[in-house]
Amino acid sequence: MLSSSIDWALRGGTCALVLLIAAALLRDYGRLVAARLGALFAVGTGAYAITSVAGFSPHLGAWAIPLLALSAGNNVVFWTLAASLFDDGFRLRWWHAALWLLLVTAGTVACFLSAPALGLALTLSSFAFAGLAMAQALTSWRADLVEGRRRLRLFVIGASSLYIGLNAMAQLLGVPRSAPEGASLAGAGGLLAIAGVVAWSLLRVSRTQSLFPPMEDAPQPSELPSAPAEPADQGLVAALGRLMTAERAHRQDGLTIGTLAQQLGLPEYRLRRLINQALGYRNFNSFVNHYRIAEVKAALADPHQSEVPVLTIALDAGFSSLGPFNRAFKAETGMTPSEYRRLSAGKAADVGIDRPISESASPISNSARSNLAAH
């Protein structure tokens, strides 16, 4: 009886924390998809905290149905949250919602019908979505320039994926919900610990850096008031600018932040901080691709290179293949390379086409460029 009371107390604390997280996310970042997904995942986690307690049954009343539905679809929300949180270019698609609705329906039906095959499919989906979320966190970890997000992502994804995986393993091994009160108590404690660390981390990180990308109409980092940079930092900005524009480091095959830091004689963490805080980039690949696309744009607008294939221009600028180049170019300019070339040819008589790349399309902010001139 005592363990049951402690179990419910822990789960109640979890529900309170995740609802606090959801409210904070919607209050501060309600216009962002990542924040909305985070709020939905928090609510789903609270629902799961209730539905996973020992002895819970869908026959307890109509109020149990929405809780079961939110719990069943939370794996999809978890995966899309990881994608939106760690990929600044993520866009929510209609099929994400369709997949969530499918699992919600299947999970709700499985609670009222005896369908072992459906239950097994839902259990295996927990592994699949946990694996996708882990892959999302790990593949983009090295390129992440936001220090708080780099530290938080491994805990959030690792701990949450481990919890989902262990729960799925328990179901595959045939552990019934109603049997082990000790396991239920341990699960409640694990949920409360994860929710507590996430809540603390969100509050702590929000004081210095946002985990979410800035809104389009929000002031950019160069426009925000900040303390004057140290003189040494200005020298590093100047050195980085020369390396990327004069020496065109972006053309190097397999350029990583580690190799770029070596060329500058800096530790990786200092270069990450420099690119993120001085130039406003949240991802190293976006930083490098901006220089590459600047070179491509200049070549596409050059009438003397009108017969040069787009692929050749992209490879010369440092892109490894056509697919990533096309996606990065369209994300940067809003049009395909061929459309940009045609538009540039039509405007060639009205605009100058011989401006250097370093002046026409440098990703260094205006304030940083002014500092370089002063330096």
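This is a selection-by-selection tour of a predicted model.

**Whole chain**

Begin with the full chain as a cartoon. The secondary structure comes to 17 helices and zero strands. Of the 375 residues, 42% count as buried. The accessible surface is about 19600 Å², and carbon and sulfur atoms hold 62% of that area. Among contacts with a separation of 6 or more, 73% are between residues 24 or more positions apart.

**Alanine 42**

Select helix H2, residues 33-51, and pick out alanine 42 within that helix. Alanine 42 has a relative accessibility of 5% and so counts as buried. Apart from neighbours within four places in sequence, alanine 42 is in contact with Val18, Ile21 and Ala22. Now add phenylalanine 78: its C-alpha lies 9.4 Å from that of alanine 42, with the two positions 36 residues apart in sequence numbering.

**A nonpolar surface patch**

Switch to a surface view and select Ile65, Val109, Phe112 and Leu113, which form a nonpolar patch with about 320 Å² of accessible area together. Phenylalanine 112 belongs to helix H5, residues 94-112. Its relative accessibility is 36%, so phenylalanine 112 counts as partly exposed.

**The largest nonpolar core**

Hide the surface and show Leu240, Met244, Leu260, Leu271, Ile275, Phe284 and Phe287; of the 22 residues in the largest nonpolar core, these touch the most other members. Helices H9 (231-245), H10 (257-264), H11 (268-279) and H12 each give two or more residues to this core. The largest share, five residues, comes from H9.

Centre on leucine 260. Leaving aside neighbours within four places in sequence, leucine 260 is in contact with Leu240, Leu243, Met244, Ala249, Leu255, Leu271, Phe284 and Phe287. A second, separate core has 14 residues, including Ala299, Leu300, Ala317 and Phe329.

**Helix H15**

Select residues 337-346, helix H15, where Pro337, Tyr340, Arg341 and Ser344 are buried. Viewed down the axis of H15, the buried residues fall within an arc of 100°, so they line one face of the helix. Arg342 and Gly346, on the other side of H15, are exposed. To see what the buried residues of H15 pack against, add helices H12 (284-300), H13 (310-317) and H14 (322-333).

**Salt bridges**

Five salt bridges are found in the whole structure. Start with arginine 27 and aspartate 28, whose side chains meet at 2.9 Å, N to O. Arginine 27 is exposed, with a relative accessible area of 63%, while aspartate 28 is partly exposed at 41%.

Next, select arginine 273 and glutamate 147, which form a salt bridge at 2.8 Å, N to O. This pair links distant parts of the chain, 126 residues apart: arginine 273 is in helix H11 and glutamate 147 in helix H7, residues 147-172. Arginine 273 is partly exposed, with a relative accessible area of 35%; glutamate 147 counts as buried at 18%.

Then move to arginine 251 and glutamate 295, a salt bridge whose closest N and O atoms are 2.4 Å apart. Arginine 251 sits in the loop between H9 and H10, glutamate 295 is in helix H12, and the two are 44 residues apart. Arginine 251 counts as partly exposed at 37% relative accessibility, whereas glutamate 295 is buried with a relative accessible area of 8%.

Finish with Arg142, Glu268 and Arg272, which are joined into one network by salt bridges that share partners.

Key:
Residues are numbered from 1 along each chain as its sequence is written. This is a predicted model: local features need pLDDT of at least 70, side-chain atom pairs count only at pLDDT 80 or more; totals for chains, interfaces and linings use all residues. Side-chain values use heavy atoms; hydrogens and water are left out. Buried means under 20% relative accessible area, exposed over 50%, partly exposed in between (1.4 Å probe, protein chains only). Helices (H or I, at least four residues) and strands (E, at least two) are DSSP runs, numbered from the N terminus. The arc is that of the directions from the helix axis to the C-beta atoms. Contact means heavy atoms within 4.5 Å. Patches are made of residues with over 30% relative accessible area and no salt bridge: like charges are joined within 9 Å, nonpolar side chains (Val, Leu, Ile, Met, Phe, Trp, Tyr) within 5 Å. Accessible areas come from the Shrake-Rupley method with a 1.4 Å probe; for residues, only the protein chains shown count as cover. A salt bridge is a side-chain nitrogen of Lys or Arg within 4 Å of a carboxyl oxygen of Asp or Glu. A nonpolar core is a set of buried Ala, Val, Leu, Ile, Met, Phe, Trp, Tyr and Cys residues joined through side-chain atoms within 4.5 Å.
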